[in-house]
Amino acid sequence: MSWSGWGDPARARELPEQIRTLLHDLLGVRAPAVPAAALEAVRVPPVALPGPLVEALAGVAGAEHVLTTHEARVRHTRGKSTPDLLRMRAGDGSDAPDAVVLPGSHEEVAELLRLCSAERIAVVPFGGGTSVVGGLAAARAGFAGVVALDLARLDRLRSVDTESMVAEFEPGVRAAEAERLLAEHGLTLGHFPQSFEYATLGGFAAARSSGQASAGYGRFDDMVMGLTLATPAGTLDVGRAPRSAAGPDLRQLVLGSEGAFGVITSLRLRVRRAPAERRYEGWRFASFAAGSAAVRALAQEGLMPAVLRLSDETETMVGLAEPDAIGSGGSGCLLIAGHEGAAESGRRQAVSAVLARLGGEPLGAGPGEAWERGRFSAPYLRDSLLAAGATVETLETAGFWANLPRLYDAVRLALLGALGSPLVMCHVSHAYETGASLYFTVVTPQDDDPVAQWERAKTEVNAAIVEAGGTITHHHGVGRDHRDAYAAELGPVGVSVLDAVKSRLDPAGILNPGVLVPPVEPA
Ligand SMILES: Cc1cc2nc3c(=O)[nH]c(=O)nc-3n(C[C@H](O)[C@H](O)[C@H](O)COP(=O)(O)OP(=O)(O)OC[C@H]3O[C@@H](n4cnc5c(N)ncnc54)[C@H](O)[C@@H]3O)c2cc1C
């Protein structure tokens, strides 16, 4: 993984000259004056952890699994939001952990949490490092140091129960590897977020992820049948049946807890038979409103394909739904319907009938196949745009159908108000009977301080989402970036419930301080 951008550096994409010209002429984008820093030049604070504490960590995980090198610290600094990348490109490694620790078992995680609680060392659970909400930057104040707890060594598929269709995984398995391991059994998880190649199963559970095929397979939290959480107060193991009436479902307390309540060390996940075939098709609608009505009809008539994605007029025009064909999009609004499994032909016909009835024009397999080819490549484009002087960032929300147009307008207006005349694109890619998510992509010229420029815009948008009655996040999570808006969404009683859980499971407040809930004040 690139330390200051996305993915495999060998797959980095040069920006075509016509897009560079378009950015300059249309948005006024100019190349940044200072080129990106080299890894060796990133400024990290001196290691704050005293030597004996580093040795104590090594005593638990093994000396070879405790890293304090400059490179290891830089590679575990923050996540992959655009402000994260901009800071790294500027050589700002001020949030670097003092050490990276790679535990090899649940027992080692539990022992490390006991040690760190006793010595007041902050612990940041680290999966794939793809957080886009500031979920990996711990508040340091009052701690002897900060440790990134990298779960990469917990990377096994432990068991597969093909009768119940449940597979048990360790948390550090990346999604792509999970699919490879399951394919050996003819199975799939069906979780394909855009971060698929790098994000981990533990990270999906911790941040309540949702993948591109959520219409057919559900969100990640729908897939979690059970899990194990190591906490400073002991081990929590929940989920012994698919559903239960035994009190509140504590699985839901762990899902979305973002490393603030404990470290997920095992996951029992629902799996499905791998589909024999996949067929992705394009449809065109006259407007976003007409396309949204068709998506709603499918959701409410129980006719969801595996993938259902509707781009608004601007996203369709730019061609973002087909990243390999940027700049060659058409008019109206593009809808992608992805069908999976041999038995899907009946459903495919029923879906097509609804889409045609509601004004959709079939475009055949071409746009669907282009979307499938480019589905994981857009993040590479972000790196090229950042280097060219454009800020490009995404944000998301969700709401009930009746409120969705208001939410859409509120977010767009907030972005236009904060950034002048940015390019704002949107799509619906997670839909339910009662509502849907809205996913925005914004492109704007960088000013002299692009991080502060984006943070101002983000503050405006967060306020607009709360005001317009949407949720602050549909699948990116809370982290630090959404913490205040999340508190506004929950209200004071809700926040006090989270505080109570946190202080019971993590009395010393060492777990991911500042993420999800405000950090515990140092004594
Ligand atoms: C280019 C790009 C595309 C993305 N596309 C999508 C998308 O389509 N859908 C989507 O839902 N998200 C998407 N994301 C966001 C991100 O991939 C998800 O939030 C994902 O769930 C994070 O997984 P991770 O393994 O990288 O976790 P990390 O980023 O390492 O961690 C995320 C949070 O979970 C905590 N955590 C991690 N592992 C554990 C554990 N085992 N126990 C307890 N806490 C833990 C961390 O401390 C942190 O707070 C995208 C991000 C990027 C950069």
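Before we start, a definition: a residue is buried when its relative accessible area is under 20%, exposed when over 50%, and partly exposed in between. Keep in mind that the model you're looking at is predicted.

**Exercise 1. Work out what the two faces of helix α13 carry, and what sits on top of the buried one.**

Step 1: check the helix itself. α13 covers residues 345–357, and at 1.5 Å a residue its 13 residues should span 18 Å. The C-alpha atoms at its ends are 18 Å apart, which agrees.

Step 2: pick out what's hidden. Val351, Ser352, Val354 and Leu355 are the buried residues in α13. Looking down the axis of α13, you'd see these buried residues fall within an arc of 160°, so they line one face of the helix.

Step 3: flip to the other side. Gln349 and Arg357 are exposed, and they sit on the face of α13 turned away from its buried side. This kind of pattern has a simple basis: an α-helix has 3.6 residues a turn, so residues three or four places apart point the same way.

Step 4: find the cover. The buried residues of α13 are covered by elements including β12 (278–285), α11 (288–300) and β14 (333–340).

Step 5: see what comes next. Gly359 follows α13, and its phi is positive, near 100°.

**Exercise 2. Describe how α11 and α13 pack: at what angle do they cross, and which residues make the contact?**

Step 1: recall what to look for. Two packed helices are described by the angle between their axes and the distance between those axes.

Step 2: fill in the values. The axes of α11 and α13 come within 9 Å and cross at roughly 145°. The crossing of α11 and α13 is right-handed.

Step 3: list the players. From α11 come Ala294, Ala297 and Leu298, while α13 brings Val351, Val354 and Leu355 to the contact.

Step 4: sort them by chemistry. The contact of α11 with α13 has six nonpolar residues, no polar ones and no charged ones.

**Exercise 3. Give α17 the treatment α13 got: which of its residues are buried, and what do they pack against?**

Step 1: length first. α17 has 18 residues and runs 26 Å from its first C-alpha to its last, close to the 26 Å expected at 1.5 Å a residue.

Step 2: the buried set. In α17 that's Pro450, Val451, Gln453, Trp454, Ala457, Lys458, Val461, Asn462, Ala464 and Ile465. They cover an arc of only 165° around the axis, which puts them on the same side of α17.

Step 3: the flip side. Arg456, Thr459 and Glu467 are exposed on the face of α17 turned away from its buried side.

Step 4: the partners. The buried residues of α17 pack against α4 (82–89), β16 (390–400), α16 (404–419), β18 (435–445) and α18.

Step 5: zoom in on one residue. Ala457, in helix α17, has 0% relative accessibility and so counts as buried. Leaving aside neighbours within four places in sequence, Ala457 is in contact with Ala418 and Leu419. Ala457 and Ala414 are 43 residues apart in sequence, yet 7.4 Å apart in space, C-alpha to C-alpha.

Step 6: step past the end. Gly469 follows α17 and has a positive phi, near 85°.

**Exercise 4. Is His475 buried or exposed, and what does His475 touch?**

Step 1: place it. His475 is in the loop between α17 (450–467) and α18 (483–505).

Step 2: apply the cut-off. His475 has 12% relative accessibility, so it counts as buried.

Step 3: read off the contacts. Not counting residues up to four places away in sequence, His475 touches Ala207, Arg208, Ser209, Ser210, Glu396, His430 and Tyr439.

**Exercise 5. Look at Met165 and Glu258: what sign does phi have at Met165 and at Glu258?**

Step 1: know the background. Most residues other than glycine have a negative phi.

Step 2: take Met165. Its phi is positive, about 60°, although Met165 is not a glycine. Met165 lies in the loop between β5 (157–161) and β6 (166–169), and at 15% relative accessibility Met165 counts as buried.

Step 3: take Glu258. Here phi is positive too, about 50°, although Glu258 is not a glycine. Glu258 is in the loop between α10 (251–254) and β10 (263–270), and with 10% relative accessibility Glu258 counts as buried.

Definitions and conventions: Residues are numbered from 1 along each chain as its sequence is written. This is a predicted model: local features need pLDDT of at least 70, side-chain atom pairs count only at pLDDT 80 or more; totals for chains, interfaces and linings use all residues. Side-chain values use heavy atoms; hydrogens and water are left out. Helices (H or I, at least four residues) and strands (E, at least two) are DSSP runs, numbered from the N terminus. The expected span of a helix is 1.5 Å times one less than its number of residues. Buried means under 20% relative accessible area, exposed over 50%, partly exposed in between (1.4 Å probe, protein chains only). The arc is that of the directions from the helix axis to the C-beta atoms. Contact means heavy atoms within 4.5 Å. Axes are lines fitted to C-alpha atoms, for helices over the stretch in contact, and angles run from 0 to 180 degrees between N-to-C directions. A crossing is left-handed if the near helix is turned anticlockwise from the far one by less than a right angle, and right-handed if clockwise. Ala, Val, Leu, Ile, Met, Phe, Trp, Tyr, Cys and Pro count as nonpolar, Asp, Glu, Lys and Arg as charged, and the others, Gly among them, as polar.
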